Amino acid sequence: MEKSAVPPESRPDSADIPNAFGAMQAFGDMWARSSQAFFEGQQKWLGDLAKATLDEQKAAFQPDMSGFKAAQEAYSTAVTNAMNMSSALMKSFGAAQAATGKAETSFLPKIFDPQAWWVSTPDFDGSVVRLQEGPQLADIGQIERKFAAVYSAMVALRQRSLEHQLLMTNAWTDAANKFMTRLGTGRDASNAFTGSWRELTSRWIQIANDELIATQRTEAYLTSQRNLLKATTDLRLAQQELAAFYSEMFGVPTRAEIDDVHKTLTNLRREVRALKRAIRGNEGAHG
Amino acid sequence: MAETNTFAIDPVRAFAEAKGFGERLAQGTKLFGEIKDEDVQIATTPKDQIWHQDKVTLYHYRPLTERKVRTPVLIAYGLVGRYTMVDLQEDRSLVRNLLNLGVDLYVVDWGNPNRADRYVTLEDYDDYVDECVNVIAARHGIGRINLLGICEGGVFTTCYAALHPEKVQSMVLTITPIDFHADKLSDRPGHGFINVWTRSLEAEDVDRMIDAYGVLPGELMGSVFSMMTPMRSMTKYNLDLLDVVDDRKKFLNFLRMEKWIADRPHHPGEAAKQWLKDLYQENKLVEGRFELGGRVVDLRHITCPVLNVYAKDDHIIPPATSQALGGKVGSSDYSELGLPGGHVGVFVGGKAQALLGSGIADWLAARD
């Protein structure tokens with residue numbers, strides 16, 4: 001048997017009876033390591049981008065990173081707390097999985113995987129991913145401001161994403177807490193859960209669903225959603241302004257010019273419909 | 001009291017589940033290999049295109065039986081999703097049910113709006129409905145037709161009936177919001193999230209979003225719908241799929257629903273601003289302040305018979321937001337029909353199949 005990564009006080013009392021409280025560490029360790037790598041990657045990426053775009057203008061255009069750093073730290077704390085919660089549960093499912101020959105429990109790690117929780121949060125703007133691959137900078141002359149606006153918008157979006165992820169992580173942690181309570185642990189041992197894996201899964205789904213829906217109604221969630229939408233929109237508009245600059249430079253129609261054409265076309269269509277109605281009306285009047 | 005941990009999995013049941021799971025997986029793997037995308041067809045009831053303008057197309061369904069309701073019916077869906085849901089498959093089709101009950105049926109397809117439709121407004125859609133009504137009326141040599149509005153399409157038909165009462169024989173509304181703030185009357189968790197979410201935004205948030213995207217993106221509304229059923233969205237492609245993957249019929253039903261869900265047209269920009277700000281945020285329709293083309297949409301000008309169908313478990317359009325129409329219309333012939341099911345379930349669910357089609361057809365026939 002492999003040496004357990006679970007602390008002694010958290011190890012199952014018996015290999016046959018899963019210990020819901022004491023067995024989440026191993027999976028949580030993996031999650032914590034990947035989270036750390038994610039944060040370090042973001043910091044490095046932001047640093048590299050700042051250097052590339054604002055090297056000579058750093059003092060003038062450096063955005064305020066304090067909010068972003070605060071969001072990072074808060075999220076890191078929440079990740080640690082959630083890791084402590086989920087690691088024990090994952091260990092117990094792993095033990096039971098071995099006992100039943102990996103039945104339909106094979107997917108359970110996925111729905112208890114905090115990384116899967118992140119995936120379930122909608123990503124409003126896929127263009128942010130494209131931006132991470134980096135714009136090709138040809139001139140840094142008169143367009144520093146436009147690039148700085150894009151950079152600031154990207155930082156703001158990252159901050160708002162982290163804030164939202166923090167909120168959702170707390171919601172998932174609360175759901176996991178309630179789930180373990182309802183399994184009949186601690187003082188509620190007389191109502192301990194006994195049943196099938198499917199029933200256990202259904203119970204988790206119900207509890208998590210109720211918690212997430214309740215979270216959606218909170219002021220904090222709605223504010224976070226609004227901030228995230230606003231940050232996504234601001235980034236997209238900053239990108240469009242930058243794109244318009246280069247479009248003009250190379251003689252390519254800009255977004256605003258195309259919108260003008262579409263507006264004219266829509267108005268013309270309205271006029272044509274109105275004229276057709278007028279003609280029909282006249283034809284009707286004259287029999 | 002010392003903490004004890006006593007949750008346990010019943011090993012006998014676990015073994016039975018494991019065995020069943022393995023059998024389902026084997027059958028599912030076979031089905032996945034056999035079924036192609038072309039096998040998954042929706043909206044297959046035969047119809048003919050009879051008119052087209054800009055991106056709007058009007059279709060006439062071919063009759064399946066002798067006509068029993070003389071006045072033709074125009075189905076108007078909204079701009080979120082597509083009308084194909086009401087003809088999802090042969091045994092779950094409001095369209096087929098109505099055709100089999102002798103209703104003469106037309107449907108308008110709004111096409112695929114994109115950024116080029118940035119400046120299309122709800123007034124334009126009122127114009128399009130008017131054009132469809134004129135075409136149908138001319139084909140039949142009549143002055144009035146019946147309208148059947150669904151969700152946002154029901155708002156279109158409601159506005160049309162208020163602005164052009166002389167052209168509407170009778171109107172059926174299904175899952176149609178009228179009072180966009182009436183979600184506050186319900187304390188059912190998870191119901192009315194779209195109402196809550198849009199009210200949490202400022203008007204300028206909506207304006208900037210439309211400025212940035214040109215449309216209300218279909219993907220955004222898809223995300224909002226997914227948010228409303230968070231765990232179901234997460235388990236759809238594992239647990240839910242496991243339940244159907246061993247049965248070809250159930251699996252195809254699942255895939256057809258997926259095909260409809262994946263079809264997420266964009267909502268034209270200016271029309272989306274009106275939808276989100278004038279209706280969802282400011283609730284102008286039920287308050288008599290909503291204007292189209294400079295004319296106030298006065299619900300009291302709806303003088304035709306109205307049947308208002310709502311889904312009792314609708315979490316997207318809470319029943320109270322639909323029922324708010326009662327007492328607001330100018331017609332004395334107003335009735336409601338509450339059916340089991342949710343927003344989509346009332347159309348495609350097994351329980352509602354017999355109830356919805358016959359409920360509408362009988363009501364129309366009595367007023368024909």
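No disulfides turn up anywhere in this structure: the count is 0 over all chains. B:Cys151 is a case in point, since its nearest cysteine sulfur, in B:Cys159, sits 13 Å away. Keep in mind that this is a predicted model.

**Cysteines in chain B**

A disulfide is a covalent bond between the sulfur atoms of two cysteines. For a pair to count here, the sulfurs have to be within 2.5 Å. B:Cys304 doesn't get there, because the closest cysteine sulfur, again that of B:Cys159, is 13 Å off and too far for a bond. As for cover, B:Cys151 is buried, with a relative accessible area of 16%, and B:Cys304 is buried too, at 4%.

**Strand β3 and its neighbours**

Now for the sheet in chain B, starting with β3, which spans residues 56–61. How many of the residues of this strand are buried? It's 6 of the 6, so β3(B) is largely enclosed by the rest of the structure. In a regular strand the side chains alternate between the two faces of the sheet. For β3(B), one side carries B:Val56, B:Leu58 and B:His60, the other carries B:Thr57, B:Tyr59 and B:Tyr61, and both faces are covered.

β3(B) has β2(B) as a pairing partner, and the two run antiparallel. They form a hairpin with 2 residues between them, and B:Asp54 in that turn has a positive phi of about 50°. Along this pairing, B:Asp48 stands opposite B:His60.

B:His60 also stands opposite B:Tyr106, which belongs to β7(B). β3(B) and β7(B) run antiparallel as well, and another matched pair here is B:Leu58 with B:Val108.

β7(B) is mostly covered in its own right, with 7 of its 7 residues buried. B:Val103, B:Leu105, B:Val107 and B:Asp109 point one way, while B:Asp104, B:Tyr106 and B:Val108 point the other, and all of them are buried. Strand β4(B), residues 69–76, pairs with β7(B) in the parallel sense. In that pairing, B:Val73 has B:Leu105 as its bridge partner.

Here are the strand pairings side by side:

| Strands | Sense | Bridges |
|---|---|---|
| β2(B) (residues 47–53) and β3(B) | antiparallel | 6 bridges |
| β3(B) and β7(B) (residues 103–109) | antiparallel | 4 bridges |
| β4(B) (residues 69–76) and β7(B) | parallel | 5 bridges |

**Over to chain A**

What does the secondary structure of chain A come to? There are 10 helices and 1 strand, and along the sequence the pattern reads α-α-α-α-α-α-α-β-α-α-α. Of the 287 residues in this chain, 44% count as buried. Among contacts in chain A with a separation of 6 or more, 79% come from residues 24 or more positions apart.

The accessible surface of chain A adds up to about 15,000 Å², and carbon and sulfur atoms own 54% of that. One nonpolar surface patch, of about 320 Å², is made by A:Met249, A:Phe250 and A:Val252. A:Phe250 lies in helix α9(A), which covers residues 219–250. Is A:Phe250 buried or exposed? Its relative accessibility is 61%, so A:Phe250 counts as exposed.

How values were computed:
Residues are numbered from 1 along each chain as its sequence is written. Chains are lettered from A and ligands numbered from 1 in the order in which they are written. This is a predicted model: local features need pLDDT of at least 70, side-chain atom pairs count only at pLDDT 80 or more; totals for chains, interfaces and linings use all residues. Side-chain values use heavy atoms; hydrogens and water are left out. Buried means under 20% relative accessible area, exposed over 50%, partly exposed in between (1.4 Å probe, protein chains only). Two strands pair if DSSP finds at least two bridges between them. Patches are made of residues with over 30% relative accessible area and no salt bridge: like charges are joined within 9 Å, nonpolar side chains (Val, Leu, Ile, Met, Phe, Trp, Tyr) within 5 Å. Accessible areas come from the Shrake-Rupley method with a 1.4 Å probe; for residues, only the protein chains shown count as cover. A salt bridge is a side-chain nitrogen of Lys or Arg within 4 Å of a carboxyl oxygen of Asp or Glu. Contact means heavy atoms within 4.5 Å.
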